[in-house]
4 protein chains.
Amino acid sequence: MKNEETMLRLKTIDGHLRGVIRMMEEDAYCIDVIRQIQAVQAALNKVSAGILENHLGSCVTTAIRGEDPAERERVLKEITDVFETATKV
Amino acid sequence: MKNEETMLRLKTIDGHLRGVIRMMEEDAYCIDVIRQIQAVQAALNKVSAGILENHLGSCVTTAIRGEDPAERERVLKEITDVFETATKV
Amino acid sequence: MKNEETMLRLKTIDGHLRGVIRMMEEDAYCIDVIRQIQAVQAALNKVSAGILENHLGSCVTTAIRGEDPAERERVLKEITDVFETATKV
Amino acid sequence: MKNEETMLRLKTIDGHLRGVIRMMEEDAYCIDVIRQIQAVQAALNKVSAGILENHLGSCVTTAIRGEDPAERERVLKEITDVFETATKV
């Protein structure tokens, strides 16, 4: 996913989220609000995966092909960390 | 969670999400962007739980204490549905 | 989902999990192991949703139709709690 | 996480899961069963993260430092895939 596409998607998701706020203001049915929040979250998951894909193909590849073992370890640790958090949100 | 609190939280989350878009515009580090997206998602989880709590204490309680079995079944089915989706987003 | 079906599903999932342990013993490819663990988790999500469905139609309905407000509150609080945890695992 | 530790953890989780099946057999309270299933899932998340950490430090590092671009792409694609699935289970 290119940066422009990521940004566009995030802006669309932001529009979606503002729609959820309007639903609340108009006293929408609770379950419908929860479903829209879940749709926002699913869309954010896709964006995160796209950003990670970019990151792996750029920074991570550069670090791993580089000669600094501490930097290699750092970038790999970050991947494990966001993976672990991904299982929790 | 009261409706006002929910709305306030959603607006704060929207501010957070717009911050993420700015991070992208300023070419922030990918992992930092992913972490902020995950923070947005965690905050949305809390809002959903708050909305569900309200819904259980109002609409669901009314339906279950009411005399329409189809309505009772409908509200309970919705709870199971959003629970099942919650495990996926 | 009936109790017998839940039990049968859990036993199948347990068989699946023991298969994952065998994969580890036979030095299977890491990503394949992770994918199988994720399949086990998805199956557990379905079982949880089935158990919740049963619970809503039995204990929760009884408590809400009953005359003990503390008991009503307790069962509803539990639903919100497992929902909130569902968003995290 | 070393392979032995992973295996040990998976065996412990399997014991936990068999405990959940026993709870069902003994007609345990639904919510308690769901909570134990969620604990099993949280433990599986930790194991997956440990396996991924190993994989990044071994196979992925070797592939990225290697000279086969298709292989590099393949291993990176797998990381994005399991990350995306992690957000769903």
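Where does C:Asp27 lie in chain C? C:Asp27 sits in the loop that joins α1 to α2 of that chain.

## About the model

This is a predicted model, in which local features need pLDDT of at least 70, side-chain atom pairs count only at pLDDT 80 or more, and totals for chains, interfaces and linings use all residues. Residues are numbered from 1 along each chain as its sequence is written, chains are lettered from A and ligands numbered from 1 in the order in which they are written, and side-chain values use heavy atoms, with hydrogens and water left out.

## The loop residue Asp27

Let us stay with the opening residue. Phi of C:Asp27 is near 55°, a positive value in a residue that is not glycine. For background, most residues other than glycine have a negative phi. C:Asp27 counts as exposed at 61% relative accessibility (buried means under 20% relative accessible area, exposed over 50%, partly exposed in between, with a 1.4 Å probe and protein chains only).

Chain A offers a counterpart: A:Asp27 has a positive phi of about 55° and is not a glycine either. A:Asp27 lies in the loop between α1 (3–25) and α2 (30–65) of chain A, and its relative accessibility of 59% makes it exposed. The helices named here are DSSP runs (H or I, at least four residues), numbered from the N terminus, while strands would be E runs of at least two.

## Two helices within chain C

On either side of the loop, the axes of α1 (residues 3–25) and α2 (residues 30–65) of chain C come within 10 Å and cross at roughly 165°. Axes here are lines fitted to C-alpha atoms, for helices over the stretch in contact, with angles from 0 to 180 degrees between N-to-C directions. α1(C) and α2(C) are therefore roughly antiparallel (over 145 degrees; under 35 is roughly parallel, 65 to 115 roughly perpendicular and the rest oblique). Their crossing is left-handed, a term for a near helix turned anticlockwise from the far one by less than a right angle, with clockwise being right-handed.

Among the residues making the contact are C:Leu10, C:Ile13 and C:Leu17 of α1(C), along with C:Val40, C:Leu44 and C:Val47 of α2(C). Contact means heavy atoms within 4.5 Å. By class, this contact has 14 nonpolar, five polar and three charged residues (Ala, Val, Leu, Ile, Met, Phe, Trp, Tyr, Cys and Pro are nonpolar, Asp, Glu, Lys and Arg charged, and the others, Gly among them, polar).

## Chains C and D together

A turn of 180° and a shift of 0.0 Å along the axis lay chain D on chain C with an RMSD of 0.0 Å; the superposition is by least squares on C-alpha atoms of residues with pLDDT of at least 70 in both copies. That is the relation of a two-fold axis. In chain D, the C-alpha nearest this axis belongs to D:Gln41, at 3.0 Å.

Helix α2(C) also packs against α2 (residues 30–65) of chain D, at an angle of about 165° and with the axes 10 Å apart. α2(C) and α2(D) are therefore roughly antiparallel, and their crossing is left-handed. The residues of this contact divide into 20 nonpolar, eight polar and no charged.

## Two more residues

C:Lys88 follows α3 (69–86) of chain C and is partly exposed at 39% relative accessibility. Apart from neighbours within four places in sequence, C:Lys88 touches A:Thr87, A:Lys88 and D:Asn45.

B:Thr6, in helix α1 (residues 3–25) of chain B, is buried with a relative accessible area of 0%. With neighbours within four places in sequence left aside, B:Thr6 contacts A:Met24, B:Met1, B:Val47 and B:Ile51.
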